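The following dialogue shows how a learner may read several features of a protein model. Please keep the sequence and the structure in view while reading.

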Amino acid sequence: MHNLILFDDPTIRTALLPFTFTRPVSEIRIGICTITEKWAIRLQTTPSFLTDLYLQIKYPRRTIHDNFFVNGAVCPTNALINALNGLKPESGLVTAEGLLLALRTEKMLETAPSTDDAGTWKVFEEPLTILKDLPSIFVHNGEQIRTDFELLTAGRTSQPITDPHTRCYAPENIFVEEGAVIRAAILNAENGPIYIGRNALIQEGTVMLGPFALCDNATVNWGGKMRSNTTIGPYSKVGGEVGNSVFLGYSNKGHDGFLGNSVIGAWCNLGANTNNSNLKNDYTNVNLYSYATNRLENTGRLFCGLMMGDYTKVGISTMFNTGTVVGVNANVFGAGFQPKHIPSFSWGGGAEGFTEYRLDKALQVARETIGRRGLDFDEVEETILREVHRQTANRRQEEAGEGI
């Protein structure tokens, strides 16, 4: 295949906020890998991105004379790749519902492609995993762990688990990368694979049920109860009870407390005894805040927990209601259940309500957060956060008086 460019569908990008405030759609992690990584591994190429202008400074686009624009919300399959390889110049693929999947073109597109950009279109009718809303990230996570596990481990041999106090069920479904350390844990892969990334650490007393992914340099703390269909992204540290949830990377939930049916962005920290509800007491469908409509919308799902944007920090014993959306770089604390939507750059919580998180202070904390990991919070990262702050100003002002 020629030059691969992963593009953000504008409707999907809005539906996946707050995570797409700070990254292209394809940089969302689902399964073991991000969608970008899935395409890169399968095609042995380095994709570039067609995303919002302020994100292009970090995620640039690279065009040549023959380009394949592929929807960044779509997880690759062999059937889709075969269909892409069969595309002729100035032709594309759509789903039966009309969603644009891919376009092969010589045009230097500046915005996401549309059906006006090609002469011929084929309908692709094979099943696909497509991130169309926030719950789809955790809903499809288990199946994507299985798919990525096969992709990453094919033809390879796992490192041995030598700890005499670790008990493995269905060890043939467990793969351990180099440098990983496992101590006195129970790993049960009878119902799905368990992937342990390079230099990951599983501490004493952990119980882990597959499908499960512990990515490179991630840690499960002592006594962690790790339920199935969960991904702990790289350099994250978790403890307590976690189920059917995704940590995108570089985030911490180091202590006891329950997190279920949730997605946690990068550079977040959940204080000790933070808990979320993922099921309503009356067993009705969960309503979730929509950035497209600025109101709560019915997800059609009984289970839905916490969606938290990058850089957000949470105080000890914080309680999140069923189906809560927290934006980018908020600082949340206070007694009682938090509101169902907390805008980006909010400070406070509980009965006291919220004020605006001072931008200079928020940027300073972000800089310290990244610096603790030996990385630099550079001008590019600061520019992105300043733009997110600008874009979300109106919603903070609206919600200051109304709450959701």
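**Reading a predicted model**

A: Let us begin with one residue and its surroundings; please bear in mind that this is a predicted model. Not counting residues up to four places away in sequence, Ser277 touches Cys304, Gly305, Phe320, Asn321, Thr322 and Gly323.

Q: Where is the place of Ser277, and is Ser277 buried or exposed?

A: Ser277 lies in the loop between strand E25 (275–276) and strand E26 (287–290). Its relative accessible area is 18%, and the limit for a buried residue is under 20%, so Ser277 counts as buried. Its side chain also reaches the backbone oxygen of Leu279, at 3.3 Å.

Q: How should one read the two faces of a strand, and which residues of E1 lie on each side?

A: In a regular strand, side chains alternate between the two faces of the sheet. In E1, Asn3, Ile5 and Phe7 are on one side, while Leu4 and Leu6 are on the other, and all of them are buried. Both faces of E1 are therefore covered. Because 5 of the 5 residues of E1 (residues 3–7) are buried, this strand is largely enclosed by the rest of the structure.

Q: Which strands pair with E1?

A: Strand E3 (residues 67–71) runs parallel to E1 and is joined to it by 5 bridges; within this pairing, Val70 of E3 is the bridge partner of Leu6. Strand E2 (residues 48–50) also pairs with E1 in the parallel sense, over 3 bridges, and here Ser48 of E2 stands opposite Ile5.

Q: How should one read a nonpolar core, and which residues of the largest one touch the most other members?

A: In soluble globular proteins, nonpolar side chains tend to be buried together. The largest nonpolar core here has 61 residues, and Trp39 and Met307 touch the most other members. Helix H6 (residues 359–371) gives the most to this core, with 5 residues. A second, separate core has 34 residues, including Ile194, Leu270, Leu306 and Ile342.

Q: What does Trp39 contact beyond its neighbours within four places in sequence?

A: Among its contacts are Leu4, Leu6 and Val70, and Leu6 and Val70 are the bridge partners described above for E1 and E3. Others include Gln44, Pro76 and Leu84.

Q: How does one describe two packed helices, and at what angle do H6 and H7 pack?

A: Two packed helices are described by the angle between their axes and the distance between the axes. H6 and helix H7 (residues 379–391) pack at about 140 degrees, with axes 11 Å apart, and the crossing is right-handed. Leu359, Leu363, Ala366 and Arg367 of H6 meet Glu382, Leu385, Arg386 and His389 of H7.

Technical notes:
Residues numbered from 1 in each chain as written. Predicted model: local features only at pLDDT ≥ 70, side-chain atom pairs only at ≥ 80, totals over all residues. Heavy atoms only, no water. Buried < 20%, exposed > 50% of the residue type's maximum accessible area, 1.4 Å probe, protein only. Helix = DSSP H or I, 4+ residues; strand = E, 2+ residues; numbered from the N terminus. Pairing = 2+ DSSP bridges. Core = buried A, V, L, I, M, F, W, Y, C linked by side-chain atoms within 4.5 Å. Contact = heavy atoms within 4.5 Å. Polar contact = N/O pair within 3.5 Å; in protein donor to acceptor, adjacent residues only side chain to side chain. Axes fitted to C-alpha atoms, helices over the stretch in contact; angles between N-to-C directions. Left-handed = near helix turned anticlockwise from the far one by under 90°.
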